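Welcome! Here is a short tour of one protein chain, starting with a small group of rings and ending with the chain as a whole.

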Amino acid sequence: MTLLLLEALGALLLFMFIVWWTMFAGRKRGEPPDVGSGDAVAPPDSAESAPGAASKANTPRQP
């Protein structure tokens, strides 16, 4: 019984470590800009600042 509990605890710790690693293992200042794409326009800060975002969000869907 003790061995089963130790194995379950080890699996839980391994799972928590994998989740922690994937959440916090990114670059310190984000991804570097893609120089070769030629796209110098920055994306909008939020969905509200995009043109027409409010009108699309409040429109009911047609069947």
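## A cluster of rings

In this predicted model, Phe 17, Trp 20 and Trp 21 are linked into a cluster by ring pairs. The count of aromatic pairs comes to three. Take Phe 17 and Trp 21: their ring centres lie 5.9 Å apart and their planes meet at 40°, so this pair is tilted. Tilted pairs have planes that are neither under 30 degrees apart nor over 60.

How many residues apart are Phe 17 and Trp 21 in helix H1? They are four residues apart, which is about one turn of the helix. An α-helix has 3.6 residues a turn, so residues three or four places apart point the same way.

Is Phe 17 buried, partly exposed or exposed? Its relative accessibility is 44%, so Phe 17 counts as partly exposed; the partly exposed class runs between 20% and 50%.

## The helix that holds the pair

Helix H1 covers residues 2–24. From its first C-alpha to its last, H1 reaches 33 Å, close to the 33 Å expected for its 23 residues at 1.5 Å a residue.

H1 is hardly covered, with zero buried residues among its 23.

## The whole chain

Stepping back, the protein chain has two helices and zero strands. Of its 63 residues, 0% count as buried.

The accessible surface of the chain comes to about 6,600 Å². Carbon and sulfur atoms account for 66% of that surface.

Key
Residues are numbered from 1 along each chain as its sequence is written. This is a predicted model: local features need pLDDT of at least 70, side-chain atom pairs count only at pLDDT 80 or more; totals for chains, interfaces and linings use all residues. Side-chain values use heavy atoms; hydrogens and water are left out. Rings of Phe, Tyr and Trp (its six-membered ring) pair if their centres lie within 6.5 Å; planes under 30 degrees apart count as stacked, over 60 as edge-to-face and the rest as tilted. Buried means under 20% relative accessible area, exposed over 50%, partly exposed in between (1.4 Å probe, protein chains only). The expected span of a helix is 1.5 Å times one less than its number of residues. Accessible areas come from the Shrake-Rupley method with a 1.4 Å probe; for residues, only the protein chains shown count as cover.
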